[in-house]
Each structure stands twice: as C-alpha cells, then as structure tokens.
Amino acid sequence: MGRINRFVCPSCNASWRIALGHGIGHAVLEDVLQLFPAEIRRNILCDTTDGQISSFEFNYRPAICQQCKKMVPVPVIYFPMSGKTYSSSCPDCNGSLTLQPEEAELICPRCGNSALSSEEIGLWD
Ligand SMILES: [Zn+2]
Ligand SMILES: [Zn+2]
C-alpha cells in the first residue's frame, strides 16, 4: 500500500499532494513497465532478458522538476540482481528529473528558499 504525502513550503506556502510508494497494481513487471516511456522500457527489457525479471522493487518517489517548478511523483524501478535503477521523466514536460535520496531535504521548486516539510495525509492502493 502506498502513502499520500503533503509537501509544504514554509516560505511561499506552495503545497503538493504526492502519492508515494506502490499499490496493488504494481506487483507484476508488465504492468509496472507501462508507467515508463518506451525508451526506458526498452532499456529495462534489455537488462532483464536473462530470466531474472521476477525480482524488482517499484515505488513512486518524490522528485522536483526544475522546468515545471513543481513536485511530481516519479516512477522508479530497482533490480536487486543487477543493482540497476530506472526512473521516468517528468510526466508534464518530459524533462529529466533528479532523484533525491530518501532522507534528503527537498528545496521548494517554486521559491527556492526553504526545505519542504512533509506529512503523511493518507493511504492509497
Ligand atoms: Zn516538468
Ligand atoms: Zn517556496
């Protein structure tokens, strides 16, 4: 089950509701692959042709798009066998996104002045 977080900037009051983690629809690789653009899908399939595709971890992670100046949930897939991680681009502008480490502070993409505070406001599946 995933969680819904609200990120708020204490400086400019911008806020985003972002669904993170994964839901029940993300247990099968074929379904998860649909969330990635064709180019990334090809790369993933190239890496998983040796029959070890069953093991993967999928999550939506928070990312900041500098072009759209907002937070977006980005689909991320990790293969423990190969140690490779793939993430999607911005769903709105298709620009590349920088993934932050889980613990890292996310600086407000709107004003750039403050780290966003985050609170869990719900669950989704
Ligand atoms: Zn964007
Ligand atoms: Zn701000």
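## Zinc site of ligand 2

Donors are here N, O and S atoms within 2.8 Å of the metal. In this predicted model, the zinc ion (ligand 2) takes its protein donors from the SG atoms of Cys-9, Cys-12, Cys-108 and Cys-111, which lie 2.2 to 2.3 Å from the ion. Along the sequence, these donor residues follow the spacing C-x2-C-x95-C-x2-C. Distant parts of the chain are linked in this way, since Cys-9 belongs to the loop between β1 and β2, while Cys-108, 99 residues away, belongs to the loop between β6 and β7.

The four donor atoms around the zinc ion (ligand 2) form angles of 104 to 115 degrees, and the site is tetrahedral. For reference, the ideal angle at a metal with four tetrahedral donors is 109.5 degrees. Both Cys-9 and Cys-108 are buried.

## Zinc site of ligand 1

The zinc ion (ligand 1) is likewise bound through SG atoms, those of Cys-65, Cys-68, Cys-90 and Cys-93, at 2.2 to 2.3 Å from the ion. Its donor residues are spaced C-x2-C-x21-C-x2-C in sequence. Because Cys-68 is located in the loop between β3 (57-65) and β4 (70-79), and Cys-90 in the loop between β5 (84-87) and β6 (98-99), this pair ties together parts of the chain that are 22 residues apart in sequence.

The arrangement around the zinc ion (ligand 1) is tetrahedral because its four donor atoms subtend angles of 101 to 116 degrees, and the criterion for four donors is that all angles lie between 85 and 135 degrees. With regard to accessibility, Cys-90 has a relative accessible area of 2% and is therefore buried, whereas Cys-68, at 26% relative accessibility, counts as partly exposed.

## The three-stranded sheet

Three strands make up an open sheet in the order β2-β1-β7, and their pairing is antiparallel. Its edge strands, each of which pairs on one side only, are β2 (15-20) and β7 (117-124). On average, and with direction ignored, neighbouring strands of this sheet are turned by 25 degrees against each other.

Strand β1, which covers residues 2-8, pairs with β2 in the antiparallel sense over six bridges. Within this pairing, Ile-4 has Ala-19 of β2 as its bridge partner. In general, the strands of a sheet pair through backbone hydrogen bonds, in either a parallel or an antiparallel manner.

## Asn-5 in strand β1

Strand β1 also contains Asn-5, a residue that is buried because its relative accessible area of 7% falls under the 20% limit. The side chain of Asn-5 is joined to that of Ser-118 by a polar contact of 2.7 Å. When neighbours within four places in sequence are left aside, the residues in contact with Asn-5 are Trp-16, Arg-17, Ile-18, Leu-20, Ser-118, Glu-119, Glu-120 and Ile-121.

## Leu-116 before strand β7

Leu-116 is situated in the loop between β6 and β7, and at 11% relative accessibility it counts as buried. Although Leu-116 and Val-8 are 108 residues apart along the chain, their C-alpha atoms are separated by 5.3 Å.

Not counting residues up to four places away in sequence, Leu-116 touches Phe-7, Val-8, Cys-9, Trp-16, Met-71, Leu-106, Ile-107, Cys-108 and Pro-109. This list of contacts includes Cys-9 and Cys-108, which are among the protein donors of the zinc ion (ligand 2). It also includes Trp-16, a residue that is in contact with Asn-5 as well.

Technical notes. Residues numbered from 1 in each chain as written. Chains lettered and ligands numbered in written order. Predicted model: local features only at pLDDT ≥ 70, side-chain atom pairs only at ≥ 80, totals over all residues. Heavy atoms only, no water. Pairing = 2+ DSSP bridges. Helix = DSSP H or I, 4+ residues; strand = E, 2+ residues; numbered from the N terminus. Axes fitted to C-alpha atoms, helices over the stretch in contact; angles between N-to-C directions. Donors = N, O, S within 2.8 Å, 3.2 Å for Na, K, Ca; no water. Tetrahedral: all angles 85-135°; square planar, octahedral: opposite > 155°, others 65-115°. Buried < 20%, exposed > 50% of the residue type's maximum accessible area, 1.4 Å probe, protein only. Polar contact = N/O pair within 3.5 Å; in protein donor to acceptor, adjacent residues only side chain to side chain. Contact = heavy atoms within 4.5 Å.
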